[in-house]
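Colleague: I am new to this structure and should like to learn how to read it. Might we go through it one feature at a time?

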Amino acid sequence: MKYLLFYEPADNVLERGAPHMADHSARLREFHARGDLLLVGTLENPQENGALSVFRTREAAEEFAGGDPFVRNGVVRHWYIREWDEILTP
């Protein structure tokens with residue numbers, strides 16, 4: 001099982017996110033280096049559709065979102081986690 005973290009963007013997400021991008025990126029690198037963050041990226045038209053991250057555990061996804069500068073500073077309007085039963089796992 002993997003865990004998908006969805007971010008719904010606040011208005012003017014690019015403008016709001018710019019001051020927090022370095023700290024957000026550092027957090028992404030930290031979680032990836034730990035092996036908890038497997039994939040991350042924006043969806044088509046990020047202002048409308050937001051972003052998606054794939055985590056190894058629910059706890060890691062919750063920890064990431066809880067301390068993410070984008071969440072703490074209102075760049076993300078809402079976030080939620082969904083379980084994903086990946087069926088082509090090696």
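Modeller: Certainly. Let us begin with a definition: a salt bridge is a side-chain nitrogen of Lys or Arg within 4 Å of a carboxyl oxygen of Asp or Glu. Please keep in mind that this is a predicted model.

Colleague: How many salt bridges are there by this rule?

Modeller: The count comes to six salt bridges. One of them joins the side chains of lysine 2 and glutamate 86, at 3.0 Å from N to O. This pair links distant parts of the chain, for its residues are 84 apart. Lysine 2 belongs to strand β1, whereas glutamate 86 lies in the segment after β4.

Colleague: Let us turn to the sheet. In what order do the four strands stand?

Modeller: As a general idea, strands of a sheet pair through backbone hydrogen bonds, either parallel or antiparallel. Here four strands form an open sheet in the order β2-β3-β1-β4, and the pairing is antiparallel.

Colleague: Which strands stand at the edges?

Modeller: The edges are taken by β2 (37-42) and β4 (76-84). Each has a single partner strand, so one side of each is left without a neighbour in the sheet. On average, neighbouring strands of this sheet are turned by 15° against each other, direction ignored.

Colleague: Over how many bridges do β1 and β3 pair?

Modeller: Strand β1 (residues 2-9) pairs with strand β3 (residues 51-55) over five bridges, in the antiparallel sense. Leucine 4 stands opposite valine 54 in β3.

Colleague: Which strands do the helices α2 and α4 meet?

Modeller: Helix α4 packs on the sheet, where α4 touches β1, β3 and β4, and its direction makes about 25° with that of β1. Helix α2 lies across β1, β2 and β3 and runs at about 150° to β2.

Colleague: How should one describe the way in which two helices pack?

Modeller: Two packed helices are described by the angle between their axes and the distance between the axes. For helix α2 (residues 21-34) and helix α4 (residues 58-67), the axes come within 11 Å and cross at roughly 160°. An angle over 145 degrees counts as roughly antiparallel, and α2 and α4 are therefore roughly antiparallel to each other. The crossing in which α2 passes α4 is right-handed.

Colleague: Which residues of α2 and α4 meet?

Modeller: From α2 come His24, Arg27, Leu28, Phe31 and Arg34, and they meet Ala60, Glu63, Phe64 and Gly67 of α4. By class, this contact has four nonpolar, two polar and three charged residues.

Colleague: Finally, what is the phi of asparagine 12, and where is its place?

Modeller: Phi of asparagine 12 is near 55°, a positive value in a residue other than glycine. Its place is in the loop between β1 and α1 (13-17). Asparagine 45 likewise has phi near 55°, and is found in the loop between β2 and α3 (46-49).

Terms used. Residues are numbered from 1 along each chain as its sequence is written. This is a predicted model: local features need pLDDT of at least 70, side-chain atom pairs count only at pLDDT 80 or more; totals for chains, interfaces and linings use all residues. Side-chain values use heavy atoms; hydrogens and water are left out. Axes are lines fitted to C-alpha atoms, for helices over the stretch in contact, and angles run from 0 to 180 degrees between N-to-C directions. Helices (H or I, at least four residues) and strands (E, at least two) are DSSP runs, numbered from the N terminus. Angles under 35 degrees count as roughly parallel, over 145 as roughly antiparallel, 65 to 115 as roughly perpendicular and the rest as oblique. A crossing is left-handed if the near helix is turned anticlockwise from the far one by less than a right angle, and right-handed if clockwise. Contact means heavy atoms within 4.5 Å. Ala, Val, Leu, Ile, Met, Phe, Trp, Tyr, Cys and Pro count as nonpolar, Asp, Glu, Lys and Arg as charged, and the others, Gly among them, as polar. Two strands pair if DSSP finds at least two bridges between them.
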